[in-house]
Amino acid sequence: YGDPNQKIDYVFKVVLIGDSAVGKSQILARFARNEFSLDSKATIGVEFQTRTLVIEHKSVKAQIWDTAGQERYRAVTSAYYRGAVGAMLVYDISKRQTFNHIPRWLEELQLRGHADKNIVIILIGNKSDLENQRAVSTEDAKEFAQKEGLFFLETSALEATNVEAAFLTVLNEIFNIVN
Ligand code: GDP
Ligand code: MG
């Protein structure tokens, strides 16, 4: 996952948001370290993790921020959002309520976030491995994403499905905007 002495052309801050226990920390662990843990404790103190990748011959450091247990509505501080050029809005496909809360997260990101107005946002339905407990249809989520102008993917941090694709979608789009 990258040479530490490599020169960095870009640093992109991306924030993970969404209800508690939807899998944000595990999505990040999968992307940053290719790890997964079934009994993940809230990652207290760790603000962000990075991974450097190459996009069109430029080295891009993705700085991915994870809420350390601040998931209550309006508990996320504005410092968390500040300077973010990407956001991953995560729900759990097996928990309807986490999808119903997505509009709040979106509103918080857009109104309170002081985020870049060109911020690239992807809606992520995580835990796609729990197909037999599905409570949010792919169609519903797709329709919502389309209406709001968001990218959309279903992921499984457990099975490593689409996690890389979700980050690459956001990072490539940011890269295209700044270039
Ligand atoms: P966070 O509160 O949003 O950061 O959620 P965590 O990453 O701590 O995950 C909450 C729980 O869901 C943990 O027990 C994880 O192991 C589990 N989890 C996370 N991602 C997945 C997934 O893709 N599939 C399944 N089945 N469980 C997951
Ligand atoms: Mg977490």
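Me: In this predicted model, which residue of strand 6 is the bridge partner of isoleucine 124?
Reply: In this predicted model, strand 5 and strand 6, the latter covering residues 151–154, run parallel and are joined by four bridges. The chain crosses from strand 5 to strand 6 through helix 5, residues 138–148, and this β-α-β crossover is right-handed. Within strand 6, the residue that serves as bridge partner of isoleucine 124 is leucine 153.

Me: Which residue of strand 5 does methionine 88 stand opposite?
Reply: Strand 4, residues 86–92, runs parallel to strand 5, and seven bridges join the two. Among the facing residues of this pair, aspartate 92 stands opposite asparagine 126. For methionine 88, the residue that stands opposite in strand 5 is isoleucine 122.

Me: How many of the residues of strand 5 are buried?
Reply: Strand 5 spans residues 120–126 and is mostly covered. On one side Val120, Ile122, Ile124 and Asn126 are buried, and on the other side Ile121, Leu123 and Gly125 are buried too, so that both faces are covered. The number of buried residues in strand 5 is therefore seven of seven.

Me: Why is strand 4 described as largely enclosed by the rest of the structure?
Reply: One side of strand 4 carries Gly86, Met88, Val90 and Asp92, the other carries Ala87, Leu89 and Tyr91, and all of these are buried. Strand 4 counts as largely enclosed because the buried residues number seven of seven.

Me: What is the order of the strands in the open sheet?
Reply: The chain has six helices and six strands in its secondary structure, and from the N terminus on the elements run β-α-β-β-α-β-α-α-β-α-β-α. The open sheet has six strands with mixed pairing, and its edge strands, each pairing on one side only, are strand 2 (48–55) and strand 6. Direction ignored, neighbouring strands of this sheet are turned by 25 degrees against each other on average. The order of the strands is 2-3-1-4-5-6.

Me: In which sense do strand 2 and strand 3 pair, parallel or antiparallel?
Reply: Strand 3 covers residues 58–66, and eight bridges connect it with strand 2. Within this pair, arginine 51 has alanine 62 of strand 3 as its bridge partner. The sense of the pairing is antiparallel.

Me: Which residue of strand 4 does valine 14 stand opposite?
Reply: Strand 1 and strand 4 pair over four bridges, in the parallel sense. In strand 4, the residue that valine 14 stands opposite is glycine 86.

Me: Is valine 15 buried or exposed?
Reply: Valine 15 has its place in strand 1, residues 10–17. Its C-alpha atom is separated by 6.8 Å from that of tyrosine 81, although the two residues are 66 residues apart along the chain. A residue with 20 or more other C-beta atoms within 10 Å of its own is buried, and because valine 15 has 27 C-beta neighbours inside 10 Å, it counts as buried.

Me: How does alanine 68 count by its C-beta neighbours, and what is that class?
Reply: Alanine 68 is found in the loop between strand 3 and helix 2 (78–81). From isoleucine 119 it is 51 residues apart in sequence and 22 Å apart in space, C-alpha to C-alpha. Because alanine 68 has 14 C-beta neighbours inside 10 Å, its class is partly exposed.

Me: How far apart are the end C-alpha atoms of helix 6?
Reply: Helix 6 covers residues 163–178, and its 16 residues, at 1.5 Å a residue, should span 22 Å. The separation of its end C-alpha atoms agrees with that expectation, at 23 Å.

Me: What arc do the buried residues of helix 6 cover around the axis?
Reply: The buried residues of helix 6 are Val163, Ala166, Phe167, Val170, Leu171 and Ile174. They lie on the same side of helix 6 because the arc they cover is only 115 degrees. The face turned away from this buried side carries the exposed residues Ala165 and Asn176. The arc around the axis is 115 degrees.

Me: Which element gives the largest share of the largest nonpolar core?
Reply: The largest nonpolar core has 47 residues, and Ala87, Met88, Leu89 and Ile122 are those with the most contacts inside it. The largest share of this core amounts to six residues, and the element that gives them is helix 6.

Methods:
Residues are numbered from 1 along each chain as its sequence is written. Chains are lettered from A and ligands numbered from 1 in the order in which they are written. This is a predicted model: local features need pLDDT of at least 70, side-chain atom pairs count only at pLDDT 80 or more; totals for chains, interfaces and linings use all residues. A residue is buried if 20 or more other C-beta atoms lie within 10 Å of its own, exposed if 12 or fewer, and partly exposed in between; C-beta atoms are placed from the backbone. Two strands pair if DSSP finds at least two bridges between them. A crossover is right-handed if, with the strands pointing away from the viewer, the path from the first strand over the helix to the second runs clockwise. The expected span of a helix is 1.5 Å times one less than its number of residues. The arc is that of the directions from the helix axis to the C-beta atoms. A nonpolar core is a set of buried Ala, Val, Leu, Ile, Met, Phe, Trp, Tyr and Cys residues joined through C-beta atoms within 7 Å. Axes are lines fitted to C-alpha atoms, for helices over the stretch in contact, and angles run from 0 to 180 degrees between N-to-C directions.
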